[in-house]
Amino acid sequence: MTDRGRDLDYTDRDFDALRARLIALARSAFPQWTDFELASFGNVLIEMFAFVGDVLAHYQDAQARETRLTTATQRRSVIALAKMLGYRLPGASAATARVAFRALAPPRADVRIPAGTVVRTQEVVDPVRFVLLEAVHIPAGSNDLVLADAEQARWHERLVQVTGEPALEVYLEQTPYLDGSLRIEQSGASWREVESFLGSTALDRHFVVDVDERDRARVRFGDGIAGAVPSGSLRFFYKTGGGPEGNVEAERLTVLERAIIDEMGFPVRLQMFNPEPASGGASRQSVAAAKLLIPERLRANTRSVCREDFEIHARELPAVARALMLTSNEDGSIEENTGDLVVVPVGGGLPTPALKEAVLRQVTEVYPCTLTFQVRVMDPQYLRVDVRCRLFVQSGANRARVRDQVRERLIAFFRISNPDGTPNPDVDFGYYLALRDDSGAAEVAWSDVFNVIRDTPGVRKMGDRREDLLLAGLPADVRVPLRAFPVLGDVLLLDGVSGEVL
């Protein structure tokens with residue numbers, strides 16, 4: 001009788017373990033089989049079965065891992081798990097900018113630049129391209145500045161002929177798809193995007209957009225019971241693009257990708273630039289960030305009621321890195337039934353008017369708040385923390401390399417978000433820093449910055465005096481106001497021996 005073993009170990013399933021167990025099973029079943037040399041045919045069969053078992057065990061482990069939100073690693077798995085909880089991972093968001101136009105010489109007739117015109121940076125290779133969201137009108141004889149909004153996106157159009165098929169699915173070829181940008185028209189009538197067909201009737205022109213792990217959009221229509229069935233010609237208008245590369249500096253958008261003439265046909269030379277930096281561009285939500293937000297979504301599923309609900313829903317927008325909601329309970333200067341929602345964009349800086357409008361719509365319309373409660377989306381108050389430090393470099397260490405590493409570690413300590421998109425726990429609004437401290441003090445700890453610099457490779461030691469490390473000009477913790485967010489300011493590093501700047 002074969003000996004299968006009484007104490008089975010289901011965790012030891014790699015090739016070597018399976019081969020050893022198969023050899024033991026073969027010896028118990030066939031005592032006369034003693035040739036387990038590498039070149040024997042029986043050993044070839046045993047190793048083949050062990051290899052197949054190793055592969056199957058790997059697949060089983062991977063499938064089990066992808067069924068749990070805490071252990072899933074594949075984006076498509078997280079998308080599917082989030083969908084069951086009513087959460088959708090946002091895609092990339094497009095940066096917006098205010099672009100100024102001026103005629104170098106007063107035009108003889110009116111000049112019109114249509115919406116959709118491409119404006120870009122000066123780079124010859126891979127320039128950053130924006131499109132105008134509105135038409136520009138320069139009156140005849142005027143050389144005043146005219147402002148218009150532009151977005152870092154590309155517009156696409158597709159015509160689809162359908163034959164009345166229920167539950168029709170259409171894939172949009174261009175990627176990465178920008179969430180909420182799809183518009184469908186049919187013989188003058190328009191279709192409306194919804195989250196699901198649960199509330200749709202047979203006459204409702206509704207569609208649902210699902211975005212996969214490759215940022216490709218799939219458009220689904222109704223089956224004639226939940227949602228109308230399309231037929232005839234459908235025209236799809238949608239946008240692609242987005243990402244942090246669109247957050248260009250001021251006066252970078254200086255090239256207009258078309259010749260401009262006035263209404264009389266005379267060419268017009270224009271000066272064009274963006275007076276302020278573009279902002280709002282962000283990468284798609286990372287898997288790590290989604291794992292933090294999905295459980296929070298269960299707390300604030302359909303509405304914005306509690307103070308934390310507003311922060312959760314604001315952070316669901318990919319262009320928002322941090323959020324703080326304050327009411328009269330936290331700040332006595334705020335009126336009753338009013339809340340100040342402070343948002344920090346991805347990459348820092350101030351939120352654009354377009355981003356503020358998107359946040360306001362998110363917390364008042366997409367996730368409605370009470371009718372009597374007024375929300376104001378506010379700019380963040382950044383608290384600059386200048387660092388001045390006297391340190392000693394290890395013998396033989398590259399001074400420039402040590403200097404750069406200290407700066408990199410300080411930048412990492414004060415960064416708003418981690419590379420995976422999750423909030424950086426080392427810094428926060430003053431309100432939350434006070435909650436973390438047992439004494440209720442909102443501070444950037446002097447000792448934390450000291451440890452960051454001291455633990456840098458190549459640093460032998462810090463200066464002996466407390467004044468050898470100054471934060472914001474003082475050898476002490478930095479007090480952070482209630483709604484302020486600390487950011488790194490100027491960094492001055494001095495050599496401990498010579499006193500020279502590193």
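Where does Leu45 lie? Leu45 lies in helix H2, residues 41-66. Helices (H or I, at least four residues) and strands (E, at least two) are DSSP runs, numbered from the N terminus.

This is a predicted model, in which local features need pLDDT of at least 70, side-chain atom pairs count only at pLDDT 80 or more, and totals for chains, interfaces and linings use all residues. Residues are numbered from 1 along each chain as its sequence is written, and side-chain values use heavy atoms, with hydrogens and water left out.

## Surface patches

Leu45 is partly exposed, with a relative accessible area of 32%. Buried means under 20% relative accessible area, exposed over 50%, and partly exposed in between (1.4 Å probe, protein chains only). Leu45 belongs to a nonpolar surface patch. Among its other members are Phe41, Val44, Met48 and Tyr59. Together the patch residues have about 920 Å² of accessible area. Accessible areas come from the Shrake-Rupley method with a 1.4 Å probe; for residues, only the protein chains shown count as cover. Patches are made of residues with over 30% relative accessible area and no salt bridge; like charges are joined within 9 Å, nonpolar side chains (Val, Leu, Ile, Met, Phe, Trp, Tyr) within 5 Å.

A second patch carries negative charge. Its residues are Asp426, Asp437, Asp438, Asp448 and Asp477. Lys and Arg count as positive and Asp and Glu as negative; His and the chain ends are not counted. The place of a charge is taken as NZ of Lys, CZ of Arg, CG of Asp or CD of Glu. Asp437 sits in the loop between helix H8 (430-436) and strand S20 (443-444). Asp437 is partly exposed, at 33% relative accessibility.

## The six-stranded sheet

One open sheet has six strands in the order S14-S3-S4-S6-S1-S15, with antiparallel pairing. Strands S14 (255-256) and S15 (270-273) stand at the edges with a single partner strand each, so one side of each has no neighbour in the sheet. Two strands pair if DSSP finds at least two bridges between them. Strand S4 (residues 129-132) and strand S6 (residues 146-151) run antiparallel and are joined by two bridges. Val131 stands opposite Glu151 in S6.

## Salt bridges

How many salt bridges does the structure hold? The structure holds 43. A salt bridge is a side-chain nitrogen of Lys or Arg within 4 Å of a carboxyl oxygen of Asp or Glu. Three pairs are listed here.

| Pair | N to O distance |
|---|---|
| Asp149 and Arg98 | 2.8 Å |
| Glu316 and Arg297 | 3.8 Å |
| Arg307 and Glu308 | 3.4 Å |

Asp149 lies in strand S6 and Arg98 in strand S1 (residues 96-103), so their salt bridge ties together parts that are 51 residues apart in sequence. Asp149 is partly exposed at 32% relative accessibility. Arg98 is partly exposed at 37%.

Glu316 and Arg297 form a salt bridge, and this pair links distant parts of the chain, 19 residues apart. Glu316 is in the loop between helix H5 (307-315) and strand S16 (320-326), and Arg297 is in helix H4 (residues 287-299). Glu316 and Arg297 are buried.

Arg307 is buried, with a relative accessible area of 12%. Its partner Glu308 is partly exposed, with 27%. Elsewhere, Glu169, Asp210, Arg218 and Arg220 are linked in a network of salt bridges.

## Strand S9 and its partners

Strand S9 (residues 183-186) has two faces. Ile184 and Gln186 make up the covered face, while Arg183 and Glu185 make up the uncovered one. S9 pairs with strand S13 (residues 231-241) in the antiparallel sense, over three bridges. Arg235 in S13 is the bridge partner of Glu185. Three bridges also join S9 to strand S10 (residues 189-193), again antiparallel. Gln186 stands opposite Ala189 in S10. The hairpin of S9 and S10 has two residues between the strands, and Ser187 in this hairpin takes a positive phi near 50°.

## Backbone exceptions

Most residues other than glycine have a negative phi, and most peptide bonds are trans. The peptide bond from Thr175 to Pro176 is cis, with omega near -5°. Pro176 lies in the loop between strand S8 (169-171) and S9. Asn337 has a positive phi near 60°. Asn337 lies in the loop between S16 and strand S17 (338-345). Ala472 has a positive phi near 55°. Ala472 is in the loop between strand S22 (469-471) and strand S23 (478-479).
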